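Please find below some notes on this structure, written for someone who has not seen it before. They are set out as numbered points.

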Amino acid sequence: MTRSWAEPWKIKMVEPITMTTRDHRERTIVDAGYNTFLLRSEDVYIDLLTDSGTTAMSDRQWSAMLLGDESYAGATSFYKLVDAVHDVYGYEELIPTHQGRGAEHILSQLLIKPGDVVPGNMYFTTTRYHQEAAGGRFVDVIVDEAHDPESIFPFKGNIDLDKLRAVVEDVGSDRVPYVSFETNVNMAGGQPASMANIKDVHAYCRENGIPVMLDATRALENAYFIQQREKGYAGHSIAEIVREIADHSDGATVSSKKDNLVNIGGFLAVRDPDLAMKARAMLVAFEGLHTYGGMAGRDMEALAEGIREMVANDDHVRARVGQVEYLGHQLIDAGVPVIQPIGGHGVFLDAGRILDHLDQDEFPAQALAAAIYVDSGVRGMERGNVSAGRDPETGENRRPKLELVRLTIPRRVYTQSHMDVVSESVGEVFENRRSVQGLKFSYEPDSLRFFQARFSAV
Ligand code: F0G
């Protein structure tokens with residue numbers, strides 16, 4: 001007999017959403033320049049643009065917000081956050097920022113000198129932006145499997161140690177300010193690194209005097225995959241695995257808008273007290289005083305509670321990733337090409353294969369995201385040639401191997417029926433894929449172009 005398993009929560013408050021007509025959506029997507037970032041949320045039915053800041057908070061988080069201490073200096077709420085980060089991740093020094101990119105800005109400016117090289121496991125858009133803005137050059141050292149949409153390797157987030165060694169030997173360890181190690185790599189499709197790899201990279205970096213800085217934004221989801229897939233971890237709790245991941249690093253930047261279950265916030269956490277003091281000096285110039293950075297007292301309360309809640313039991317992450325896998329397997333059953341294994345925070349459609357009648361410079365993923373929106377009001381996001389930007393040397397589009405549409409699942413927000421609506425819509429667009437036309441830029445921003453770019457049909 002089948003025994004079902006359901007989410008470890010029930011719904012206490014609802015937010016009505018509206019259904020729009022196809023006619024309306026055909027007009028709104030043209031007005032939005034075929035860019036789902038430029039749609040208004042009121043024109044969206046099921047919003048899978050991002051899992052960032054879109055979480056439903058718990059009753060405990062909402063009640064914690066009333067305890068927010070809004071003192072300018074030394075707020076109680078700050079010290080609760082320091083304790084939560086210390087207890088869960090083990091880092092001693094906390095620099096609170098308004099969100100992840102605030103932490104990336106500070107870390108990059110402090111550690112990277114012009115001409116330095118920053119190796120990392122694939123790039124994230126804002127992370128690479130800040131590394132380059134500080135004068136660094138990002139070099140991708142992720143395993144080859146990560147760039148292959150058809151590989152089912154269980155740890156596509158791993159760093160390839162041979163690639164890392166080659167970079168360090170080529171430029172010298174003194175030109176490598178740190179290794180940028182992202183957990184559950186977003187741009188690879190939400191794919192984890194194994195604990196063995198995290199340990200090996202840390203050991204290698206130690207020998208060479210190079211710090212390891214995690215992007216621990218989705219360390220929780222990474223920990224879940226380690227528990228499920230890596231030998232020796234089945235009996236470990238999620239809390240233990242998250243802690244062990246962090247133990248193999250010198251610090252981390254975190255966008256708390258994901259794993260940490262809040263709508264805004266982030267932090268830089270380090271072990272080195274001198275680096276922390278320098279970071280605080282930058283914090284007061286760019287974000288706010290060192291005991292609130294970019295957050296209100298109530299935001300820090302909700303965050304401290306969210307950090308503890310995410311690891312309080314293993315059921316939360318099981319339900320979270322389980323929902324993503326449910327959608328992914330429905331699409332696989334419908335024959336839609338998706339990145340496998342299914343990732344932790346979303347399902348990534350292989351737009352390059354789905355729209356193989358388009359050249360990559362006609363932006364298949366951008367066009368597919370727009371077509372899905374028109375079909376059903378489901379909003380996804382391009383993660384391909386538009387997001388990758390232009391090579392600064394040649395000025396050409398980077399044409400990454402992964403040309404994807406990301407359907408990102410907010411935490412604790414949508415039900416299984418919402419997932420059914422999504423898979424049926426994507427299935428239908430897939431059936432009619434030959435009718436989807438390519439796109440060309442009508443406005444192209446200089447940096448992070450995917451946010452504001454506008455397109456028209458080719
Ligand atoms: N690192 C990773 C891995 C991220 O996914 C993000 C944000 C950031 C850093 C930046 O953090 O947004 O708080 O400033 N990702 C969002 C997304 C925007 O939709 O994937 P932020």
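1. A nonpolar patch lies on the surface of this predicted model. Trp9, Ile11 and Val14 make up the patch, and together they have about 310 Å² of accessible area. Of these residues, valine 14 is placed in the segment before α1. Its relative accessibility is 69%, so valine 14 counts as exposed.

2. On overall dimensions, the protein has 458 residues and a radius of gyration of 21 Å. A compact globule with that number of residues would have a radius near 23 Å, so the value for the protein agrees with that expectation. The C-alpha trace spans about 60 × 55 × 50 Å along the principal axes. Buried residues account for 59% of the 458.

3. On secondary structure, the count is 17 helices and 14 strands.

4. How many aromatic pairs are there? The count comes to eleven. One of them joins phenylalanine 37 to phenylalanine 451, with 5.1 Å from centre to centre and 80 degrees between the planes. The planes of this pair are over 60 degrees apart, which means that the pair counts as edge-to-face.

5. The same two residues link distant parts of the chain, being 414 residues apart. Phenylalanine 37 is in the loop between α1 (22–31) and β1 (46–47), while phenylalanine 451 is in helix α17 (residues 449–452). Are these two residues buried, exposed or partly exposed, and why? Phenylalanine 37 has a relative accessible area of 22%, so it is partly exposed. Phenylalanine 451, at 24%, also counts as partly exposed. Because buried means under 20%, neither value qualifies as buried.

6. Phe37 and Phe451 also belong to one aromatic cluster, together with Phe450.

7. Two arginines have their charged ends over aromatic rings. Arginine 128 sits over the ring of tyrosine 123, with its charged end 4.2 Å from the ring centre. Arginine 433 sits over the ring of phenylalanine 430, where the distance from the charged end to the ring centre is 4.1 Å.

8. Where is glutamate 444? Glutamate 444 is in the loop between β13 (439–443) and α17. Its relative accessibility is 28%, so glutamate 444 counts as partly exposed. Along the chain, glutamate 444 and arginine 379 are 65 residues apart, and their C-alpha atoms are separated by 21 Å.

Conventions. Residues numbered from 1 in each chain as written. Predicted model: local features only at pLDDT ≥ 70, side-chain atom pairs only at ≥ 80, totals over all residues. Heavy atoms only, no water. Phe/Tyr/Trp six-rings, centres within 6.5 Å; stacked < 30°, edge-to-face > 60°. Helix = DSSP H or I, 4+ residues; strand = E, 2+ residues; numbered from the N terminus. Buried < 20%, exposed > 50% of the residue type's maximum accessible area, 1.4 Å probe, protein only. Lys NZ or Arg CZ within 6 Å of the ring centre and 35° of its normal. Patch = residues over 30% accessible without salt bridge, like charges linked within 9 Å, V, L, I, M, F, W, Y side chains within 5 Å. Areas by Shrake-Rupley, 256 points an atom, 1.4 Å probe, with all protein chains shown as cover. Salt bridge = Lys/Arg side-chain N within 4 Å of Asp/Glu carboxyl O. Rg over C-alpha atoms; globule rule 2.2 N^0.38 Å.
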